[in-house]
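I opened this notebook to record what I looked up in the structure, one topic at a time. The entries follow the order in which I went through it.

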Amino acid sequence: MPGGRLTTEDRQHIAAGLAEGLGYAEIGRRLGRPASTIMREVTRNGGPDGYGADQAQEATRHRARRQKQAQPPAPPVPDDGHGRDPQAVRDFTESFTALLVQQGLPRMEARVLACLYITDSGALTAADLVQRLQVSPASISHAVAFLEQQGMLRRERVPGARRERYVADDEIWLRSIVAALQMNEALAAASQRGAEILGVATPAGARFGSSADLLLLVNKAFRQVIEQWQRSRAEPAP
């Protein structure tokens with residue numbers, strides 16, 4: 001099925017296409033798959049000269065078994081004194097992590113963000129994250145750097161210590177939206193420049209001009225929403 005996992009029959013077609021001397025793009029077209037999918041499949045299973053359908057199928061099964069066995073253990077849920085069901089918290093954490101992955105976050109970054117976000121404090125040290133997620137310090141370091149760049153967490157010093165802790169506070173999504181707006185502004189400026197260079201009356205120039213108009217309109221609307229949200233938070237509770 002296009003978009004699903006490669007089947008034994010798909011791999012037989014790939015092997016036959018390679019034998020005919022077809023390129024990845026043509027094999028992918030015949031199977032209804034992206035050329036990149038075919039290239040990854042061939043590259044990880046012996047290359048163009050060593051690819052075999054049966055061997056590739058068995059290697060895929062072996063990798064799947066190994067990955068299933070290597071699934072990380074569920075992070076421990078601390079006793080927070082709120083009477084929460086630990087299993088329900090774990091299940092929610094997994095589903096929230098999966099949602100973040102669907103939204104485009106790499107899996108490790110999604111796990112770190114979810115782990116931070118479900119804590120009442122919203123703050124954990126690197127050692128805390130290593131212990132809860134059962135991963136290496138390097139994995140945490142890379143994930144934190146990515147999330148900080150995206151405006152999805154911030155660093156702060158632990159009072160009275162030299163260690164840092166990572167914080168996902170109430171404004172995590174605000175910072176993420178602001179970072180996206182800044183990117184939109186850069187894209188809008190580049191699109192306006194493209195329209196000028198290519199000529200606004202040409203199809204290519206008009207395409208860039210239309211893109212700039214849309215991006216600027218989206219930014220304006222989102223900034224109005226942010227201002228409305230900030231005003232509502234500043235209003236005293238009834």
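**Hairpin.** I worked from a predicted model, and I began with the strands: S2 (residues 154-157) and S3 (residues 164-167) pair in the antiparallel sense over 4 bridges. I looked up the partner of Arg154 and found that its bridge leads to Val167 in S3. S2 and S3 form a hairpin with 6 residues between them, and in the turn I noted Gly160, which has a positive phi of about 75°.

**Annotated span.** I then checked the record, where UniProt, in an unreviewed entry, places the feature "domain: HTH marR-type" at residues 98-197. For this span I noted 63% helix and 11% strand, with the end C-alpha atoms 43 Å apart.

**Largest nonpolar core.** Which residues touch the most other members of the largest nonpolar core? Among its 22 residues, I found that these are Val112, Leu113, Leu116 and Leu129. Helices H6 (86-102), H7 (107-117), H8 (126-133) and H9 (137-149) each supply at least two residues of this core, and H7 gives the most, with 6 residues. I followed Leu116 further: leaving aside residues up to four places away in sequence, Leu116 touches Gly122, Ala123, Leu124, Leu129, Leu153, Tyr166 and Ala168. I also recorded a second, separate core of 9 residues, which includes Leu6, Leu31, Ile38 and Ala56.

**Helix H10.** I compared the expected and modelled spans of H10 (residues 172-198): at 1.5 Å a residue, its 27 residues should span 39 Å, and the end C-alpha atoms are 39 Å apart, so the two agree. The buried residues I listed in H10 are Ile172, Leu174, Leu181, Asn184, Ala188, Ser191, Gly194 and Ala195, and what covers the buried residues of H10 includes H7 and helix H11 (203-234). After H10 comes Gly199, whose phi is positive, near 100°.

**Helix H1.** I made the same check on H1 (residues 8-19), where 12 residues at 1.5 Å each should span 16 Å and the end C-alpha atoms lie 17 Å apart, which agrees. Where do the buried residues of H1 lie when seen down its axis? In H1, Asp10, Arg11, Ile14, Gly17 and Leu18 are buried; seen down the axis, the buried residues of H1 fall within an arc of 120°, so they line one face of the helix. As background, I noted that an α-helix has 3.6 residues a turn, so residues three or four places apart point the same way. On the other side of H1, Glu9 and Ala19 are exposed, and just after H1, Gly21 takes a positive phi of about 85°.

How values were computed:
Residues are numbered from 1 along each chain as its sequence is written. This is a predicted model: local features need pLDDT of at least 70, side-chain atom pairs count only at pLDDT 80 or more; totals for chains, interfaces and linings use all residues. Side-chain values use heavy atoms; hydrogens and water are left out. UniProt positions are given in the numbering used here, feature names are shortened, and annotations may be inferred rather than shown by experiment. The expected span of a helix is 1.5 Å times one less than its number of residues. Buried means under 20% relative accessible area, exposed over 50%, partly exposed in between (1.4 Å probe, protein chains only). The arc is that of the directions from the helix axis to the C-beta atoms. A nonpolar core is a set of buried Ala, Val, Leu, Ile, Met, Phe, Trp, Tyr and Cys residues joined through side-chain atoms within 4.5 Å. Contact means heavy atoms within 4.5 Å. Two strands pair if DSSP finds at least two bridges between them.
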